[in-house]
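Visitor: I would like to go through this model with its terms held against its values. Where do we begin?

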Amino acid sequence: MKSRAGESLSTREGRVHISESQQSDIIMHDIRPLRDSDREDVLEIARHTWDGHDYLPYFFDAWLTDRNSHTAAIERGGHVVALANLRVIENGRTGWMEGLRVHPDYRGQGLASILTHHVVKLAREIPVERIRYTTAVGNESSLHLGTTIGMRRKFDLAVHWQDRLDEVSWSTSVSPIMEASAKNLYPSLAEARLLPHNVVVYDWKALDLSPEALEKTAVLARFWIQSQGGRIESFSLGFAHEDPAGMQWSVTIYARNNPTFLDQLSHHLKMASENECRTIFLTYPIDYVSTFYSLDWVRPIEDEEMALTLLERVF
Ligand SMILES: CC(C)(COP(=O)(O)OP(=O)(O)OC[C@H]1O[C@@H](n2cnc3c(N)ncnc32)[C@H](O)[C@@H]1OP(=O)(O)O)[C@@H](O)C(=O)NCCC(=O)NCCS
């Protein structure tokens with residue numbers, strides 16, 4: 001893709017107009033979509049991100065073929081050194097911002113900022129109603145970038161990784177947990193008001209709760225609930241996925257109170273074991289942080305505020 005003043009920009013969705021004032025960065029940095037030949041450069045960046053626990057290698061192929069993904073990359077010396085993706089979801093309503101990465105050797109030069117503004121411009125031109133992303137509450141540059149594009153923090157959820165699950169023998173079960181199908185969960189899950197802003201979060205992604213969102217999430221995950229008197233008292237989703245360190249059980253728990261939270265947690269330790277996952281990645285409401293860390297098998301990660309936040313800007 002080449003872009004010169006007064007031209008249009010090719011995207012997977014066709015050609016979109018670029019205003020005069022928006023062109024200088026694109027010309028200077030020659031932002032272009034990712035292509036198959038960038039694979040090694042992207043893997044190289046992933047190896048240097050989060051100690052190699054980056055999800056990019058698992059999404060790279062899908063982004064290239066997904067017509068709703070609008071990737072953006074910047075090259076230096078013939079190699080991609082910075083990238084981002086805007087994925088249009090929720091029937092075109094939301095532009096999901098993901099995969100913002102800059103190679104460590106090129107950080108602090110404004111490349112993330114340029115890509116972020118480029119992605120916002122794309123989102124407005126597509127157009128989508130709103131943009132969203134999640135990030136860790138300790139990721140200061142990512143949060144700062146959000147404020148520069150008018151994003152607001154919508155809510156936080158606690159997160160936790162733990163390995164060596166085979167050494168954990170704790171379990172609890174106060175009331176039964178039933179597996180639920182996507183078809184039977186709506187509208188009772190919305191009426192239960194367990195999910196902040198009625199948004200389902202799974203593995204750093206978020207969808208407004210709806211029958212379609214549940215169907216979509218069910219492609220990846222299984223659901224479990226606890227009910228009392230016809231009302232859902234807890235809801236969780238879980239799925240196994242590949243991680244560089246082996247198979248990981250990714251789970252999100254929403255619960256009315258401590259016992260229902262702990263029942264779900266115990267259930268997912270069992271599910272992780274049944275699915276041969278030795279590590280778990282847990283997302284759960286901030287309200288249960290002290291309950292969670294009071295469990296003697298939980299290993300806190302020192303000096304880190306372990307939470308994610310959902311940022312949003314409505315256009
Ligand atoms: C986050 C990341 C993309 C930033 O890349 P970068 O090229 O260094 O970012 P930039 O140089 O464009 O700087 C971004 C902004 O953050 C600011 N910033 C950097 N560190 C900061 C900090 N500790 N606190 C507050 N702001 C900070 C910069 O000053 C800049 O703001 P400005 O343009 O208003 O001056 C990069 O560090 C990275 O790839 N990290 C790993 C993956 C990741 O965390 N991705 C984002 C969340 S998914």
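Visitor: In what order do the 11 strands of the open sheet run?
Guide: This is a predicted model. The order is β3-β4-β5-β6-β15-β7-β14-β13-β12-β11-β8, with mixed pairing. From one strand to the next, the twist averages 25°.

Visitor: Why are β3 and β8 called edge strands?
Guide: β3 (69-76) and β8 (178-180) each pair on one side only.

Visitor: How do you know that β7 and β14 pair?
Guide: Pairing needs at least two bridges between the strands. β7 (residues 152-162) and β14 (residues 279-284) have five bridges, in the antiparallel sense, so they count as paired. In this pair H160 stands opposite L282 of β14.

Visitor: What makes the approach of H144 to the ligand a polar contact?
Guide: The cut-off is a pair of N or O atoms within 3.5 Å. A polar side-chain atom of H144 lies 2.7 Å from a ligand oxygen atom, so the pair qualifies. Backbone N or O atoms also lie 2.9 Å from a ligand oxygen in the case of V102 and 3.2 Å in the case of A112. The ligand taken alone exposes 950 Å², and the protein buries 68% of that.

Visitor: Which element gives the most to the shell around the ligand?
Guide: α5 does, with five residues. α5 also packs on the sheet, where it touches β5, β6 (130-136), β7 and β15 (307-314). The direction of α5 makes about 160° with that of β6.

Visitor: How many residues of each class are in that shell?
Guide: Six are nonpolar, 10 polar and three charged.

How values were computed: Residues numbered from 1 in each chain as written. Predicted model: local features only at pLDDT ≥ 70, side-chain atom pairs only at ≥ 80, totals over all residues. Heavy atoms only, no water. Polar contact = N/O pair within 3.5 Å; in protein donor to acceptor, adjacent residues only side chain to side chain. Areas by Shrake-Rupley, 256 points an atom, 1.4 Å probe, with all protein chains shown as cover. Helix = DSSP H or I, 4+ residues; strand = E, 2+ residues; numbered from the N terminus. Nonpolar A, V, L, I, M, F, W, Y, C, P; charged D, E, K, R; others polar. Axes fitted to C-alpha atoms, helices over the stretch in contact; angles between N-to-C directions. Contact = heavy atoms within 4.5 Å.
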